[in-house]
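Biologist: I'd like to learn how to read a model like this one. Can we go through it feature by feature?

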Amino acid sequence: MSALLEVRSLSKSFGGLQAVKDLSFDVSEGEIVALIGPNGAGKTTVFALLSGFLEPDAGEIALRGRSIVGLKPHAICALGLARTFQIVRPFPHLSVLRNVMVGALARHPEPREAAARAEAVLVEVGLEARRAQAASGLTLAERKRLELARALATEPAVLLLDEVMAGLNAAETERIVELVLGINRRGVAIVLIEHVMRAVMSLSRRIVVINYGERIAEGVPDAVANDPRVIEAYLGDTAEG
Amino acid sequence: MAVGLTLIFGVMRVVNFAHGDMMVWGMYLAWVLSTRFGLDPYFGFVICAGVLFLVGVAVQRGLVDRILDAPHEMQILLMLGVALVLENSALMVFGPEPRRVRGVLRLSTIDVGPFIVDLARLVTFVVAVVLSVLLWAFLFKSDLGRTIRAAADNGYGALVIGTNVRRVYAVAFGIGAACVGAAGALVAPFLPFSPSAGLPASVTSFNIVIIGGMGSLPGAFFGGLLVSVAESLGAVFLRPSLKEVVSFSLLIVILLFRPAGLFGKRLS
Amino acid sequence: MTLPRVLLAAALAVLLVLPALPSLFGSYAVTVFTLIFFYGFLGQAWNIIGGYAGQLSAGHAAFVGVGAYAAAVLSQDAGLTPWIGMLVGGLLSAALGAVIGYLGFRFGLRGFYFVLLTVAFAELCRLVASNVDAIGGALGYYITFTGNPRHFQFQDSRAYYYIALGFMLLATGVVALIERRRFGMYLTAIREDESACEALGVDTFRVKLLAMVVSSFLTGMGGTFYAFYLFSLQPSTVFGIPLSVEIVIRPIVGGAGTLLGPIVGSFILSPLAELSRAYFAKGGWIGGHLVVYGLLLILVVLFLPQGAYPWLVKLGGGRFLGGGLRPPSDTSPQDGAGKAGARSGPS
């Protein structure tokens with residue numbers, strides 16, 4: 001049985017800088033996989049490659065066995081892979097509901113149906129009270145949830161979450177963790193980039209660690225946390241110096 | 001004059017649609033100086049540059065400053081408004097008739113080998129080159145020039161190290177305007193002008209700047225040469241009224257395939 | 001949320017009164033209103049790509065010119081009635097719009113670069129028209145007056161008033177339709193953030209291209225009116241940058257990306273242009289009305305960047321979210337279910 005999302009020997013460089021190097025991993029149906037690594041390890045670049053915002057120099061990406069390399073982001077979204085942006089980018093002057101509707105319209109061309117769908121998603125993420133407000137008026141935590149809601153409204157099979165917990169306090173983080181678990185329970189596979197280790201440990205069943213664009217470890221959370229290569233990657237400089 | 005435009009854009013990322021109209025005001029100023037005060041444009045251009053410098057600083061301080069953080073579109077519209085005001089106030093004051101400034105060098109020519117060169121054009125060309133070199137020296141050798149370039153690279157960074165970015169912007173805008181003022185005065189002796197000359201002049205200089213490369217001084221210089229040569233060739237091989245077709249086609253091709261221009265850095 | 005509806009109703013009432021007005025007016029007022037409607041129409045057509053999609057085209061005169069020349073030449077030299085020539089002109093303009101849009105959007109030109117591209121194409125059109133002697137070259141193309149309605153010519157200037165009004169209502173109807181559909185919602189979202197749209201499954205290239213085609217088609221149809229209202233076409237006016245400015249400035253002042261913005265803008269600017277033109281002409285100052293334009297544009301950019309219409313709505317206490325985007329669910333009964341669901345949901 002082939003995995004839902006297969007990544008094989010993915011490479012990308014910018015000028016002389018090798019951002020992603022020969023990276024391979026799989027995501028199965030209904031799984032939660034965390035992509036972690038030090039700052040500048042190339043995690044966000046991986047997301048950009050998967051979602052079609054960047055084209056890889058080499059390698060293969062397949063969604064449900066179908067290659068998606070070279071497709072435009074909107075086409076990849078239509079096939080069932082949605083992403084959030086690390087720096088949230090809501091449509092600032094549009095209402096919260098309209099923001100989510102833009103995502104929902106991908107599956108429901110009829111605005112009324114899209115609106116109904118968007119309402120349901122807003123309820124799921126707990127933003128229903130803000131529905132008529134302009135997105136620019138939301139707090140950071142709310143904007144993160146809006147970002148999540150929009151991606152969710154496209155009804156993806158795989159959801160890429162880029163640091164949806166960064167900058168949030170403990171209670172807000174807890175809410176997002178619950179939310180992500182709930183989404184996953186409905187069968188949506190999730191790949192997340194996260195620095196909040198507690199969240200990574202409690203959410204993911206499998207962790208892929210990358211450094212300088214290369215995979216240095218992969219496994220269940222406990223094993224990865226005790227992997228000497230991982231510890232070195234995170235603490236390497238201080239250990240040596 | 002493209003040098004002035006590229007300076008303003010390069011430093012501030014502000015698109016100055018009023019550029020050609022500023023040049024036209026430089027021309028009229030030279031005209032007033034020469035008809036009323038008998039001051040030849042080859043001396044008058046210094047005054048023109050000075051006055052336009054003040055106009056540039058005023059536009060920057062009073063208008064552009066307020067919307068530096070606004071979307072690019074708003075700046076374009078703002079400068080369009082300034083262009084309309086400048087062009088048509090010139091129309092109101094001076095009327096639509098074409099004017100010409102009589103310079104001392106009018107009609108004098110010299111022979112350079114097989115070519116007959118219009119002395120007025122030659123002097124203008126030489127002064128333009130000298131001014132460009134001076135400007136280059138100013139930007140790369142003087143403290144203020146370095147600050148301007150720093151602000152161009154990274155406005156926020158310059159702010160952090162304590163530069164008065166707004167003052168730098170005002171100076172840069174002023175110098176850009178002064179360049180066109182001088183350019184206007186210098187071409188006035190051999191180019192009849194009317195208020196409506198401003199818009200085509202702006203468009204031509206945008207051509208030059210885009211083709212040469214936004215924000216690149218040598219780009220502006222060589223872009224200017226390239227556009228002139230292309231238009232002359234177009235005039236010879238097609239018909240004179242089609243010469244601009246060549247430069248606009250060139251502009252479209254450059255926009256599509258090398259939007260940073262021939263000499264510009266790649267935009268990320 | 002009710003105030004915009006009140007304004008809308010007021011606007012509708014005004015539109016109902018408008019057809020009756022010519023019988024009360026003198027011919028000067030009829031002319032002014034004809035211009036209000038016509039420029040309101042052009043502004044509304046521009047609004048689709050420039051306002052809703054946020055792609056600042058500064059070369060819309062090209063479409064007026066292509067449409068005008070097409071209808072005029074077909075009528076004069078081929079005997080085709082402008083009523084059909086209008087569609088031909090629209091299609092030709094749409095083709096040009098498709099070319100400009102394809103190049104601009106495929107190569108990812110944004111902001112100022114897109115502005116320059118549109119200007120360059122308009123200027124190219126102007127130069128070509130000036131150099132093709134068959135259509136009059138730089139001297140222009142003149143239409144013989146027949147006064148025959150089949151030739152889109154009318155003895156009574158009130159006919160132009162009604163046609164211009166019809167044009168404006170047609171374009172506004174098209175925009176109102178677009179606004180409620182997925183297409184329109186995508187347009188406003190693209191204006192806000194294109195990359196985010198792509199991530200959400202929006203084919204931004206196709207949506208922008210379609211907007212450009214619709215906009216240039218309507219503008220090209222307007223060319224027919226332009227030609228047969230003025231009876232002469234000069235390349236430097238009909239393709240010129242000043243006409244493009246006239247087209248752009250009304251929706252900007254009135255409120256780009258809103259349904260009524262271009263019309264409000266035209267009701268403000270067209271009479272202002274006429275009055276100041278007359279006033280300054282008396283003083284022998286030509287160009288005065290354009291100074292007024294320039295000042296107004298500067299003031300709007302500095303103080304009312306969203307335009308007059310959103311400001312009017314706010315002034316009345318209504319809330320205004322960006323460009324014409326009252327979510328349909330706020331008014332449609334069907335979404336009551338959605339709201340009820342929201343209340344019973346976990347909190």
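Modeller: Sure, starting with strand pairing. This is a predicted model, and in it E6(A) is joined to strand E7 (residues 158–162) of chain A by 3 bridges, with the two strands running parallel.

Biologist: Which residue is the bridge partner of A:Leu81 in E7(A)?

Modeller: That's A:Val158. Now follow the pairings outwards: chain A has an open sheet of 6 strands with mixed pairing, in the order E6-E7-E8-E3-E9-E10. Strand E6 (81–83) and strand E10 (214–219) are its edge strands, each pairing on one side only. From one strand to the next, the twist averages 20 degrees.

Biologist: What lies across strands E3, E6, E7, E8 and E9 of chain A?

Modeller: Helix H1 (residues 43–50) of chain A does, running at about 150 degrees to E7(A).

Biologist: How do I read burial along a helix?

Modeller: Start from the geometry: an α-helix has 3.6 residues a turn, so residues three or four places apart point the same way. Then check each residue's surroundings. In helix H3 (residues 96–104) of chain A, 9 of the 9 residues are buried, so the helix is largely enclosed by the rest of the structure. Among them are A:Arg98 and A:Asn99.

Biologist: What covers the buried residues of H3(A)?

Modeller: The cover includes helix H4 (111–125) and helix H5 (140–153) of chain A, together with helix H7 (182–192) and helix H8 (194–199) of chain C.

Biologist: And for a single residue, why is B:Asn88 classed as buried?

Modeller: Count neighbours: the cut-off is 20 or more other C-beta atoms within 10 Å. B:Asn88 has 25, so it is buried. It sits in helix H4 (residues 72–94) of chain B.

Notes. Residues are numbered from 1 along each chain as its sequence is written. Chains are lettered from A and ligands numbered from 1 in the order in which they are written. This is a predicted model: local features need pLDDT of at least 70, side-chain atom pairs count only at pLDDT 80 or more; totals for chains, interfaces and linings use all residues. Two strands pair if DSSP finds at least two bridges between them. Helices (H or I, at least four residues) and strands (E, at least two) are DSSP runs, numbered from the N terminus. Axes are lines fitted to C-alpha atoms, for helices over the stretch in contact, and angles run from 0 to 180 degrees between N-to-C directions. Two residues are in contact if their C-beta atoms, placed from the backbone, lie within 7 Å. A residue is buried if 20 or more other C-beta atoms lie within 10 Å of its own, exposed if 12 or fewer, and partly exposed in between; C-beta atoms are placed from the backbone.
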